[in-house]
Amino acid sequence: MAAGRAFYEKRGNWRDELTVSRGGSFSFPLHLHPELELFWLQSGDLCIETGTQSIPLAAGDLAFFFPNAVHGYQSAGDNGQYVMLIAVSSLLGDLLPTLTRFRPAVPVLRAAALHPDAAYALRRLAEDGSGGGEVRRALLHLILARILEAAELVPIGESQEGNLTTRLMEYLSLHFRQPLTLDDAAHALGASRFHLSRVFSQQLGSSFSDYLSFLRLNEAQELLLGTDRSVSEIALDCGFSSQRTFNRAFQKLFRTTPRQFRAARRRQPN
């Protein structure tokens with residue numbers, strides 16, 4: 001996945017309302033999704049990315065990303081441990097309006113500012129899952145209550161902006177292979193060009209055309225590596241008007257041609 005532009009991560013196949021995972025060194029490109037995400041770094045060093053900020057984390061720091069917030073991770077080394085929680089919106093209850101209408105000025109609580117209640121709840125969820133659904137929900141709400149009282153929140157402008165972002169990302173993830181313009185997307189979503197342009201500039205750090213090309217190129221990468229289809233077929237199937245346009249866009253983003261990319265990756269050992 002190329003750096004610099006966020007992609008919409010569709011997590012609809014996940015069964016658990018609250019997913020808790022633990023791991024070591026971790027990197028993941030800029031992305032967004034409608035779920036809440038908490039990332040507690042227990043040891044090591046890591047940087048979080050928001051599209052406009054790069055913030056280093058140290059052991060004990062907690063990063064938190066409200067629904068539809070652009071974020072990514074870049075590990076600073078091979079060592080370290082973390083706990084990650086991802087919660088669907090149905091678990092957020094009365095807190096959901098706040099989490100969708102505001103964003104944190106800085107989405108990090110340093111270890112010294114992390115309330116003992118939040119640390120306790122994080123450990124319980126990480127170590128034993130804390131039993132039944134109601135207990136898990138209560139622990140999640142305890143963490144969020146302590147985050148909200150400590151974080152500086154700023155309004156995102158319009159209460160519907162987060163929902164529009166989700167709908168826009170879902171629409172493009174389904175239709176990027178088709179000929180599309182900003183007007184097409186605005187008409188399909190019942191929104192104005194102005195609102196869609198603002199989503200791209202303020203939340204994704206991209207233009208509509210660049211983001212659409214980004215989706216198409218990443219799909220093309222998968223097809224180049226996972227199939228034996230010709231470059232011209234892949235170009236047309238991913239939504240490019242010609243192989244020449246595809247080659248130019250691919251080389252601009254990845255600094256290599258599609259054929260060179262395929263050949264180089266296939267020479268690498270599994």
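**Charged side chains and their salt bridges**

Arg146 has a relative accessible area of 23% and is therefore classed as partly exposed, since buried residues fall under 20% and exposed residues over 50%. The model in which this residue was examined is a predicted one. Arg146 pairs with Glu149 in a salt bridge, in which the closest N and O atoms are 2.8 Å apart. Both residues belong to helix 3 (residues 133–150), where they stand three residues apart and are thus separated by about one helical turn. Glu149, with a relative accessible area of 52%, is exposed. The two residues also take part in a network of salt bridges that includes Asp117.

In general, side chains of opposite charge can pair when their charged atoms come close. The count of salt bridges in the model comes to six. One of them joins the side chains of Asp61 and Arg110, with an N to O distance of 2.7 Å. Asp61 is found in the loop between strand 6 (54–57) and strand 7 (62–65), and Arg110 in the loop between strand 11 (108–109) and helix 2 (116–128), so this pair ties together parts that are 49 residues apart in sequence. Asp61 counts as buried, at 4% relative accessibility, whereas Arg110 is partly exposed, at 37%. A further salt bridge is formed by Arg229 and Asp237, whose closest N and O atoms are 1.8 Å apart. Arg229 has a relative accessible area of 28% and is partly exposed; Asp237 is likewise partly exposed, with a value of 38%.

Arg216, which is placed in helix 7 (residues 208–226), is buried but has no salt bridge. The nearest side chain of opposite charge is that of Asp184, at 8.4 Å; a salt bridge requires a nitrogen-to-oxygen distance within 4 Å. The side chain of Arg216 does, however, reach the backbone oxygen of Gly239 at 3.5 Å. When neighbours within four places in sequence are left aside, Arg216 is in contact with Phe176, Gln178, Pro179, Leu180, Cys238, Gly239 and Phe240. Gly239 thus appears both in the list of contacts and as the residue whose backbone oxygen the Arg216 side chain reaches.

With regard to the protein chain as a whole, 10 helices and 12 strands are present. Of its 270 residues, 45% are buried. Among contacts between residues at least 6 apart in sequence, 72% join residues at least 24 apart. The chain exposes about 13600 Å², of which carbon and sulfur atoms supply 49%.

Terms used
Residues numbered from 1 in each chain as written. Predicted model: local features only at pLDDT ≥ 70, side-chain atom pairs only at ≥ 80, totals over all residues. Heavy atoms only, no water. Helix = DSSP H or I, 4+ residues; strand = E, 2+ residues; numbered from the N terminus. Buried < 20%, exposed > 50% of the residue type's maximum accessible area, 1.4 Å probe, protein only. Lys, Arg positive; Asp, Glu negative; His and termini not counted. Polar contact = N/O pair within 3.5 Å; in protein donor to acceptor, adjacent residues only side chain to side chain. Contact = heavy atoms within 4.5 Å. Areas by Shrake-Rupley, 256 points an atom, 1.4 Å probe, with all protein chains shown as cover.
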